[in-house]
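Hi,

Here is the model I said I would pass on. Have a look at it first, and my notes on what I found follow below.

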Amino acid sequence: MSRATAADVAARVRHHDRDERRVADRPDLRAAAVAVVVLDDPERGPGVLLTRRTSRLRDHPGQFALPGGSVDPGEDTVTAARRELDEELGLRLGEDTVLGLLDDYPTRSGFVITPVVMAATGAVADLAPSPDEVSQLFHITLDELDVDPLFHDIEESPRPVVQLPLVGHLIHAPTAAVLLQFREVALHGRTTRVDELEQPVFAWR
């Protein structure tokens with residue numbers, strides 16, 4: 001069980017961003033950003049926001065995801081993560097809420113994802129998920145997030161597929177990889193690399 005405080009999380013993420021972060025030099029991939037939002041809910045305490053995409057979306061319908069998307073021309077990754085968070089959940093956060101960045105994660109579907117960790121205070125019930133993009137919204141407390149990952153082999157890759165057992169489902173990479181590194185860095189202060197962890201084959205396109 002995690003005993004990390006909000007101050008611990010902030011300090012560890014900032015340290016990782018400053019001294020440990022791994023950047024993927026992949027000009028062949030499109031830049032994308034996801035928001036890892038630590039929302040301190042008045043009833044549930046601090047936890048990370050996770051969505052399930054609607055079945056109507058063209059890309060990765062029905063999959064679990066962190067709020068995020070492609071980086072638009074003229075944007076940096078922080079701006080893109082903040083914009084996507086506002087569009088998907090109606091949560092508008094300023095640059096002062098950004099704690100730092102986790103490692104880049106290159107995906108099989110042609111992106112390099114930069115996770116942007118932010119901290120906010122507010123009730124999950126007050127958020128307004130976009131019905132066009134989000135079918136479900138979850139608030140995973142830090143204790144709930146502190147679960148051990150599962151790994152299994154597939155014929156299509158020498159790399160192990162990573163899963164996290166959360167919200168009654170198995171969450172796959174890239175979301176599982178990002179959440180696993182957040183768990184390791186923010187809750188335990190451990191530098192753990194996840195960019196070599198594999199995605200399931202259904203997420204390769």
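The largest nonpolar core has 36 residues, and the members that touch the most others are Val9, Leu50, Leu66, Val117, Leu179 and Phe182. Bear in mind that this is a predicted model. Quite a few elements give two or more residues to this core: helix 1 (6-20) and helix 3 (142-145), strands 1 (30-41), 2 (45-53), 7 (111-121), 8 (134-141) and 10 (157-166), plus helix 4 (175-188). Helix 4 supplies the largest share, eight residues. If you want one residue to click on, try Leu179: leaving aside residues up to four places away in sequence, Leu179 touches Val48, Leu50, Leu66, Leu145, Leu164 and Leu166. There is also another core lying apart from that one, with 20 residues, including Ala35, Leu39, Val116 and Val124.

On to helix 2. Its 13 residues (77-89) should span 18 Å at 1.5 Å a residue, and the end C-alpha atoms are indeed 18 Å apart, so the two agree. Which of its residues are buried? Val78, Ala80, Ala81, Arg83, Glu84, Leu85, Glu88 and Leu89 are, so to speak, on that list, charged names included. The cover over these buried residues includes strands 1, 2, 4 (68-70), 5 (98-101), 7 and 8. Just after helix 2, Gly90 takes a positive phi of about 70°.

Then there is an open sheet of three strands, in the order 9-10-11 with antiparallel pairing. Strand 9 (150-154) and strand 11 (169-172) are the edge strands, each pairing on one side only. On average, neighbouring strands in this sheet are turned by 40° against each other, direction ignored. Strands 9 and 10 pair in the antiparallel sense over four bridges, and Phe151 has Val162 in strand 10 as its bridge partner. Helix 4 comes back in here: helix 4 lies across strands 10 and 11, running at about 70° to strand 10.

Finally, the chain as a whole. The chain has four helices and 11 strands, and its C-alpha trace spans about 45 × 35 × 35 Å along the principal axes. A compact globule of 205 residues would have a radius of gyration near 17 Å, and the chain's 16 Å agrees with that. Buried residues account for 50% of the 205. Of the contacts between residues at least 6 apart in sequence, 68% join residues at least 24 apart.

Cheers

How values were computed. Residues are numbered from 1 along each chain as its sequence is written. This is a predicted model: local features need pLDDT of at least 70, side-chain atom pairs count only at pLDDT 80 or more; totals for chains, interfaces and linings use all residues. Side-chain values use heavy atoms; hydrogens and water are left out. A nonpolar core is a set of buried Ala, Val, Leu, Ile, Met, Phe, Trp, Tyr and Cys residues joined through side-chain atoms within 4.5 Å. Buried means under 20% relative accessible area, exposed over 50%, partly exposed in between (1.4 Å probe, protein chains only). Contact means heavy atoms within 4.5 Å. The expected span of a helix is 1.5 Å times one less than its number of residues. Two strands pair if DSSP finds at least two bridges between them. Axes are lines fitted to C-alpha atoms, for helices over the stretch in contact, and angles run from 0 to 180 degrees between N-to-C directions. The radius of gyration is taken over C-alpha atoms; the globule rule is 2.2 Å times the number of residues to the power 0.38.
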